[in-house]
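I opened the notebook today to follow one helix and its surroundings. Here is what I looked up, entry by entry.

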Amino acid sequence: MEDRMSIIVYSGTVDKLMAVATLATGGAAMGLDVELFVTFWGLEGFRKDAYKTNMRISKDFEDYGPIMMEQMMAKKVPSWMETLKGAMEIGNVKVYACSMTMELFDMKLEDLEPVVTEVTGVATFVDRAKEGKMTLFI
Amino acid sequence: MPELTDITIDKDIDARGSFCPGPLMELIRGMKVLPVGGVLAVSSSDPGSAKDIPAWIQKAKHEYIGAFPEQGYTRFVARKTH
């Protein structure tokens, strides 16, 4: 087993992307390699500059959206992208884009935030995740 | 645990008001630039720090000097050992 945390980033809502970035930071801080496999709506969240304007929140708590955003601004909570960049600063964090979603949505690597460094297939991700200690679906 | 007044703090970081994992990040960043043997203090109002900060210091094999409660926050003090 390798000291690796793999996260499948399926969601593109701010609440879930915050969870991804925070968990990635925890993993990086505790010395785990962190790999994010960004797929489906997650890739919308990683579109270039999208994090600056994305205010979507999970459907089941949609009514909490405005108050959450208000609180985040008032308490100066860093954006999930800033948190993720912090994780990359202290540890080994890699972000991969799902090739199937990229094709489906006609996306190119340059359409995404520069933290995404590679396009990969699901089999590669699974093959690497199976050697790791922790795999999460968010 | 020694008295806080007996310790010479080389770098003092104020991470109050910063949320998990903010204070831990500040500590890790601070440790990076601190010379070996230096003492770092981080003030945090995040209740998660009480467990997170000692856990990281142990993992990173630095010396944990202690947690010193203040009004509404805690100061965590550690020495960089390598």
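**Entry 1: the chain contact.** I began with the contact between the chains in this predicted model. It takes 9 residues from chain A and 7 residues from chain B. On the side of chain A that touches chain B, I found two elements that give two or more residues, α1 and α5 of chain A. Of the elements on that side, α1(A) gives the most, with 4 residues.

**Entry 2: one helix of chain B.** Next I turned to α1(B), residues 22–33. I noted 12 residues and a reach of 17 Å from the first C-alpha to the last, close to the 16 Å expected at 1.5 Å a residue. How many of its residues are buried? I got 9 of the 12, so α1(B) is largely enclosed by the rest of the structure. My list of buried residues includes Gly22(B), Pro23(B), Leu24(B) and Met25(B) at its start, and Gly30(B) and Met31(B) further along.

**Entry 3: what encloses the helix.** I then asked which elements the buried residues of α1(B) pack against. From chain A there are α1 (14–29) and α5 (80–90). From chain B there are β1 (11–14), β2 (39–44) and α2 (49–59).

**Entry 4: the sheet.** In chain B I traced an open sheet of 4 strands, ordered β1-β2-β4-β3, with mixed pairing. β1 and β3 (63–70) of chain B stand at the edges with a single partner strand each, so one side of each has no neighbour in the sheet. I read an average twist of 15 degrees from one strand to the next. Zooming in on β1(B) and β2(B), I found that they run parallel and are joined by 4 bridges. For Asp12(B), the bridge partner in β2(B) is Ala41(B).

**Entry 5: helices over the sheet.** I checked how α1(B) lies, and it goes across β1 and β2 of chain B, at about 165 degrees to β2(B). α2(B) lies across β2, β3 and β4 (73–79) of chain B, and runs at about 5 degrees to β4(B).

**Entry 6: helix against helix.** Last, I looked at how α1(B) and α2(B) meet. Their axes come within 10 Å and cross at roughly 25 degrees. With angles under 35 degrees counted as roughly parallel, α1(B) and α2(B) are therefore roughly parallel to each other. I noted the crossing of α1(B) and α2(B) as right-handed. On the α1(B) side, Pro23(B), Leu24(B), Leu27(B) and Ile28(B) make the contact, and on the α2(B) side Ser49(B), Asp52(B), Ile53(B) and Trp56(B) do. Looking back at Entry 2, I see that Leu24(B), Leu27(B) and Ile28(B) are also among the buried residues.

How values were computed: Residues are numbered from 1 along each chain as its sequence is written. Chains are lettered from A and ligands numbered from 1 in the order in which they are written. This is a predicted model: local features need pLDDT of at least 70, side-chain atom pairs count only at pLDDT 80 or more; totals for chains, interfaces and linings use all residues. The expected span of a helix is 1.5 Å times one less than its number of residues. A residue is buried if 20 or more other C-beta atoms lie within 10 Å of its own, exposed if 12 or fewer, and partly exposed in between; C-beta atoms are placed from the backbone. Two residues are in contact if their C-beta atoms, placed from the backbone, lie within 7 Å. Two strands pair if DSSP finds at least two bridges between them. Axes are lines fitted to C-alpha atoms, for helices over the stretch in contact, and angles run from 0 to 180 degrees between N-to-C directions. Angles under 35 degrees count as roughly parallel, over 145 as roughly antiparallel, 65 to 115 as roughly perpendicular and the rest as oblique. A crossing is left-handed if the near helix is turned anticlockwise from the far one by less than a right angle, and right-handed if clockwise.
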